[in-house]
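Got your viewer open? Load the model, pick a plain cartoon, and keep the selection box handy.

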Amino acid sequence: MTGYVAWWLGDAWKTTPLEGFERIIFIEQRIDVSGRIAEANGWPEQWQELRDASREAGVGIDLSLGLVQESDFAALFASPEARRRLLRETARLLRQPDVAGLHIDIEVYRQASTSPEAIAGFRAFVEELAQRARRSKRWQLSVFLPIGGELQLYTPATLAGMSRVVVQGYDAHWPEGPNAGPVAPLRGPQAGTEEKPLAAARALGHDDARLRLAFPLNAYEWPVQGEGIRRKTTGKGRALPLAPLPATMRASFPSSVVERVARHGAVFHPESASGSYAFEQDGTAWEGWFEDWTSLQVKRQWLKCEGVDGLAFFALGYDAGALVSTVAHSFPDDSACFAPTRAAPEAEGSMH
């Protein structure tokens, strides 16, 4: 079990006991076009409590390397000088206390946004890091595998040196998308289902023992128009946590899924194994989709049937520790493996 700690959630991670995790990934060390770390988000000075707690729990911390702009990707990785600088920066990060590895979270989806030279340069960079990790035997290298775009950054060779691959299993519907819908559907027509990225990772030759499927602890809700579900959006959606966050964060996250469902009710959708709710506020219709305890149990059982027993939770604290703790202390029955029954795309049942 892997957990992401997001800088923007502050100390919300404290609601989750770290025992039971194999790895914690701190988001993020943001890279700029020159290959430098442009934003460390307070690491390491402002994260002493996380470092102490991780050390006490015997859980290693990996630093996530993130790149925001696709255009920056093209410029950075097409430049041998910038790649060399980034390799020096990664070596500096790995010399810091309490850093046990690196996690590459670089997401490029559009072929037109980059060049063959940049893609080749990126793959060479990843393979060089993997070689250094093998020589070191002190730190590990992992990667977030984006799914659903027209561009595949990784090859079997670039993934061969990874200790773990976290497969994107969320954002099938995203804040700027044209329709509301499940964030992390198990199956369905959208590219971002959890079935499809697992198959894509296997097609790249990665073995199941090192795969971790990303599971979101945040939900999305959108302003919408029309009838039914998966309605057309009329504006950008917003993220909200599964459970209420501490008072210090209520300005950023004034509500939560727990509060929305308590007030408006919810529906469970068997095919996607996701929940949804709907409400009106100030004359605007809203539709929200989320994963919860029921979703998690269904998807864990599916993973068990697939022979994969790894989850990566994004991000610790969004659930106030409640959902993640159920995984740490209870596991599916070893004697029973069941695959969720396929249902019509809009089949609905009761939310538990």
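Here is a walk from the overall fold to single side chains.

**Before you click**

This is a predicted model, so local features need pLDDT of at least 70 and side-chain atom pairs count only at pLDDT 80 or more, while totals for chains, interfaces and linings use all residues. Residues are numbered from 1 along each chain as its sequence is written, and side-chain values use heavy atoms, with hydrogens and water left out.

**Stop 1: the whole thing**

Start with the cartoon: the protein has nine helices and 16 strands. Both are DSSP runs numbered from the N terminus, helices being H or I with at least four residues and strands E with at least two. The C-alpha trace spans about 55 × 45 × 45 Å along its principal axes. The radius of gyration is 20 Å, which agrees with the value near 20 Å for a compact globule of 352 residues; it is taken over C-alpha atoms, and the globule rule is 2.2 Å times the number of residues to the power 0.38.

Now colour by accessibility. Of the 352 residues, 55% are buried (buried is under 20% relative accessible area, exposed over 50%, partly exposed in between, with a 1.4 Å probe and protein chains only). If you like contact maps, residues 24 or more positions apart make up 69% of the contacts with a separation of 6 or more, where contact means heavy atoms within 4.5 Å.

**Stop 2: the core**

Which residues touch the most other members of the largest nonpolar core? Select Phe77 and Phe313, which do so in a core of 104 residues. The largest share of this core, eight residues, comes from α4. A nonpolar core here is a set of buried Ala, Val, Leu, Ile, Met, Phe, Trp, Tyr and Cys residues joined through side-chain atoms within 4.5 Å.

Stay on Phe313 and show what surrounds it. Beyond its neighbours within four places in sequence, Phe313 is in contact with residues including Met1, Tyr4, Phe215, Leu296 and Val327.

**Stop 3: rings**

Show the aromatic side chains next: there are 18 aromatic pairs. Rings of Phe, Tyr and Trp (its six-membered ring) pair if their centres lie within 6.5 Å; planes under 30 degrees apart count as stacked, over 60 as edge-to-face and the rest as tilted.

Zoom in on Trp7 and Trp8. Their ring centres are 5.9 Å apart and the planes stand at 90°, so this pair is edge-to-face. Trp7 is partly exposed at 35% relative accessible area, and Trp8 is partly exposed too, at 31%.

Next, select Phe77 and Phe125. With centres 5.6 Å apart and planes at 55°, the pair is tilted. Phe77 belongs to helix α2 (residues 70–77) and Phe125 to helix α4 (residues 116–136), so the pair ties together parts 48 residues apart in sequence. Phe77 is buried at 0% relative accessible area, and Phe125 is buried at 2%.

For a bigger picture, show Tyr4, Trp7, Trp8, Phe144, Tyr170 and Phe314 together, since ring pairs link them into a cluster.

Then pick out two arginines. The charged end of Arg238 sits over the ring of Trp286, 3.7 Å from its centre, and Arg51 lies over the face of Trp43, at 6.0 Å from the ring centre. The test is NZ of Lys or CZ of Arg within 6 Å of the ring centre and within 35 degrees of the ring normal.

**Stop 4: backbone oddities**

Most residues other than glycine have a negative phi, and most peptide bonds are trans.

Where are the exceptions? Select Phe314 and Ala315, joined by a cis peptide bond with omega about -10°. Ala315 is in the loop between β15 (311–314) and α9 (322–329).

For positive phi, try Arg230, near 55°, in the loop between β9 (218–225) and β10 (232–233). Arg230 is buried, at 15% relative accessible area. Ala273 also has phi near 55°, lies in the loop between β12 (267–269) and β13 (274–281), and is buried at 0%.

**Last stop: Glu28 and Asn41**

The peptide bond from Ile27 to Glu28 is cis, with omega near 0°, and Glu28 is in strand β2 (residues 23–31). What lies 3.0 Å from the backbone oxygen of Glu28? Show Asn41: a polar atom of its side chain is there (polar contacts are N or O pairs within 3.5 Å; within protein, one must be able to donate a hydrogen and the other to accept it, and residues adjacent in sequence count only if both atoms are side-chain atoms). Asn41 is in the loop between β3 (37–39) and α1 (48–57) and is buried, at 11% relative accessible area. Leaving out residues up to four places away in sequence, Asn41 touches Trp7, Phe26, Glu28 and Trp47.
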